[in-house]
Amino acid sequence: MKTKERTREMTTTALLAALLAVFGMFKIPSIIPGCEFQLSAPFAVCIAACFGFKRYIKIGILASVINLILSTHTIVNVTVAMVFRLIAGGILSIFGVNPLTIAISGPLGTIAGRLALGGILNASPLALIVAAVPGMVFTAVGASVMYPVMKRLARREAVLHYDCASSSEKTGGTNHEPI
């Protein structure tokens, strides 16, 4: 991988990790206690769908490290988030990216995360899952709406990258135009 490509990939990964960490810090409140949900779930599904499972896991680990350093998450939060990431990203990786997998991967990741949380807290997983239903609906709808926009941005970055590389090859020098 060329230095410029590697720099672009590292920068994009860091930016997405920072955004995921920030979205993970905020929760949308609900009228029903315990039914609040994070903004990061639909964003995370879109990252997995656009950038692939391996890169998504790297981004998720970086986001979790950021949240741990800032003390906005605990080890329990990170554990639940990693379970979510493995399931949601795994579904997209195994079954492909399509409207159905985009809509169900987040809610299934949430269910798996709540099962893990129930085991950690020795609480009823069913009660935790029921409390998460509004968030799961938000995640399914949010990811479905966000994905086309994020896909266009990811494609645009790839096209710009290709255009810059091909124009510098044509001129035999470095392309100093803004990306």
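How far apart are the end C-alpha atoms of H4? Select its 21 residues: at 1.5 Å a residue they should span 30 Å, and the end C-alpha atoms are 30 Å apart, which agrees. The expected span here is 1.5 Å times one less than the number of residues in the helix.

Before going on, some ground rules. This is a predicted model, where local features need pLDDT of at least 70 and side-chain atom pairs count only at pLDDT 80 or more, while totals for chains, interfaces and linings use all residues. Residues are numbered from 1 along each chain as its sequence is written, and side-chain values use heavy atoms, with hydrogens and water left out.

**The whole chain**

Zoom out and colour by secondary structure. You should find 6 helices and 2 strands, running α-β-β-α-α-α-α-α from the N terminus on. Helices (H or I, at least four residues) and strands (E, at least two) are DSSP runs, numbered from the N terminus. Of the 179 residues, 39% are buried; buried means under 20% relative accessible area, exposed over 50%, and partly exposed in between, with a 1.4 Å probe and protein chains only. Contacts are heavy atoms within 4.5 Å. Among those with a separation of 6 or more, 64% join residues 24 or more positions apart.

**Back to H4**

Now show the side chains of H4 (75-95). Its buried residues include Val-78, Val-80, Met-82, Phe-84 and Arg-85, and further along the list come Ala-88, Gly-89, Gly-90, Ile-91 and Leu-92. The cover over these buried residues includes H1, H2, H3 and H5. Just past the helix, click on Gly-96, which takes a positive phi of about 85°.

Val-83, also in H4, is worth a stop. It counts as partly exposed because its relative accessibility is 21%. Draw a distance from its C-alpha to that of Gly-113: the two are 30 residues apart along the chain but separated by 5.3 Å. Leaving out residues up to four places away in sequence, Val-83 touches Ala-112, Gly-113 and Ala-116.

**H2 and the core**

Next, select H2. Its 12 residues should span 16 Å at 1.5 Å a residue, and the end C-alpha atoms are 16 Å apart, which agrees. This helix is mostly covered, with 10 of the 12 residues buried; among them are Pro-42, Phe-43, Val-45, Cys-46 and Ile-47. Gly-52 follows H2 with a positive phi, near 90°.

Which residues have the most contacts inside the largest nonpolar core? They are Ile-47, Tyr-56 and Phe-84, in a core of 23 residues. A nonpolar core is a set of buried Ala, Val, Leu, Ile, Met, Phe, Trp, Tyr and Cys residues joined through side-chain atoms within 4.5 Å. The elements giving two or more residues to this core are H1 (3-25), H2 (40-51), H3 (53-69), H4 (75-95) and H6 (125-171). H2 gives the most, with 8 residues.

Centre on Tyr-56 and show its neighbours. Not counting residues up to four places away in sequence, Tyr-56 touches Ala-44, Ile-47, Ala-48, Phe-84, Arg-85 and Gly-89.

**The aromatic pair**

There is 1 aromatic pair in the structure. Rings of Phe, Tyr and Trp (its six-membered ring) pair if their centres lie within 6.5 Å; planes under 30 degrees apart count as stacked, over 60 as edge-to-face and the rest as tilted. Pick Phe-23 and Phe-43: they sit edge-to-face, 5.0 Å centre to centre with 75° between the planes. Phe-23 is in H1 and Phe-43 in H2, 20 residues apart. Phe-23 counts as partly exposed at 28% relative accessibility, whereas Phe-43 counts as buried at 7%.

**Along H5**

Last stop: select H5, residues 99-121. Its 23 residues should span 33 Å at 1.5 Å a residue; the end C-alpha atoms are 34 Å apart, which agrees. At its start, a side-chain oxygen of Asn-98 reaches to within 3.0 Å of the backbone nitrogen of Leu-100.

Where is the kink in H5? It lies at Ser-105, is about 30°, and comes shortly before Pro-107. The bend at a residue is the angle between axes fitted to the seven residues ending there and the seven starting there.

Stay on Ser-105, which counts as buried at 0% relative accessibility. Its side chain reaches the backbone oxygen of Thr-101 at 2.9 Å. Setting aside residues up to four places away in sequence, Ser-105 touches Val-45, Ala-88, Ile-91 and Leu-92. Finish at Asn-122, which follows H5 and has a positive phi, near 55°.

Notes
A polar contact is a pair of N or O atoms within 3.5 Å; within protein, one must be able to donate a hydrogen and the other to accept it, and residues adjacent in sequence count only if both atoms are side-chain atoms.
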